[in-house]
Amino acid sequence: MTRSVFLFDVDNTLLDNDRIIVDLRRYLDRKVGAGPAQQYFEFFEELRRELGYADDLGALQRYRIRHPRDPHLLAVSSFLVNYPFANRLFPGSLDAIEHVAAFGTAVILSDGDVVFQPRKVERSGLSEAVEKRVLIYIHKEEELDDVERRHPAEHYVLVDDKVRILTAVKGRWGKRVTTVFPRQGHYAHAADVASYPQPDITIERIADLVGYDLPALLGASQAREAR
């Protein structure tokens with residue numbers, strides 16, 4: 001059993017997914033026009049509400065059902081598959097992974113589809129950064145038993161931009177997990193954030209994680225339990 005395992009979310013935690021969506025919107029406006037582009041993003045937001053994560057593939061499939069003869073579908077698919085995701089890593093993302101790797105095992109723990117999300121993790125360089133320890137689920141907070149089976153540890157540190165996820169995992173693992181909340185991306189600034197319990201550690205950007213040593217990371221969970 002590893003003493004400490006560090007679990008990193010991907011979208012808007014290590015990778016600026018909001019910026020990727022902006023780039024995709026501009027691309028669709030050019031390729032298919034404002035109307036069809038708007039329809040694609042309506043499907044995208046609809047799925048994001050249903051699933052709780054960005055599903056580019058699912059939105060594209062729904063668009064295809066509505067427009068089965070649209071010749072631009074392959075171009076959109078090519079854009080998503082070949083996007084330079086490494087250019088959208090937040091500053092300090094790889095440094096944060098390297099920093100905690102000195103204390104334990106770093107693992108990618110993400111929600112997402114089975115095609116574009118693994119591609120995103122690979123092409124961004126995140127898979128290599130964690131030595132291919134990558135877990136991608138539909139709802140990761142419901143798969144913690146599998147996380148424990150694959151990466152058993154005395155203590156976990158979860159870094160995620162969604163307070164909802166941090167709260168759910170804290171409810172399951174209690175003082176065995178330190179929750180770290182980087183306030184990045186639209187989820188981190190959503191109106192419902194204040195309705196959840198405060199995470200163990202809040203940082204303004206992922207790069208700030210390098211300012212915490214192992215005692216500080218582990219002690220934050222203990223301090224919360226004491227309160």
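Q: What makes β5 count as mostly covered?
A: In this predicted model, 6 of the 6 residues of β5 are buried. Buried means under 20% relative accessible area, so β5 is called mostly covered.

Q: How do you know which faces of β5 are covered?
A: Val177, Thr179 and Phe181 lie on one side of β5, and Thr178, Val180 and Pro182 on the other. The residues of both sets are all buried, so both faces count as covered, each residue being under 20% relative accessible area.

Q: Why is β4 described as largely enclosed by the rest of the structure?
A: Strand β4 covers residues 153-159, and 6 of these 7 residues are buried, so β4 is largely enclosed.

Q: What makes β4 and β5 a pair of strands?
A: Pairing needs at least two bridges. β4 and β5 are joined by 4 bridges and run parallel, so they pair. In the register between them, Leu158 has Thr179 as its bridge partner, and Val159 stands opposite Val180.

Q: How do you know that β5 also pairs with β6?
A: There are 3 bridges between β5 and β6 (residues 201-203), in the parallel sense. The requirement is at least two, so these strands pair. Pro182 of β5 has Ile203 as its partner in β6.

Q: Why is the lining of the largest pocket divided into 6 nonpolar, 1 polar and 3 charged residues?
A: The lining includes Gly52, Lys162, Arg164 and Asp192. Lys, Arg and Asp count as charged and Gly as polar, so Lys162, Arg164 and Asp192 fall in the charged group and Gly52 in the polar one. Tyr187 and Val193, also in the lining, are of types that count as nonpolar.

Note on methods. Residues numbered from 1 in each chain as written. Predicted model: local features only at pLDDT ≥ 70, side-chain atom pairs only at ≥ 80, totals over all residues. Heavy atoms only, no water. 1 Å grid on protein atoms, 1.4 Å probe; cavity = no way out; pocket = protein on both sides within 12 Å on 5 of 7 lines; lining within 4 Å. Buried < 20%, exposed > 50% of the residue type's maximum accessible area, 1.4 Å probe, protein only.
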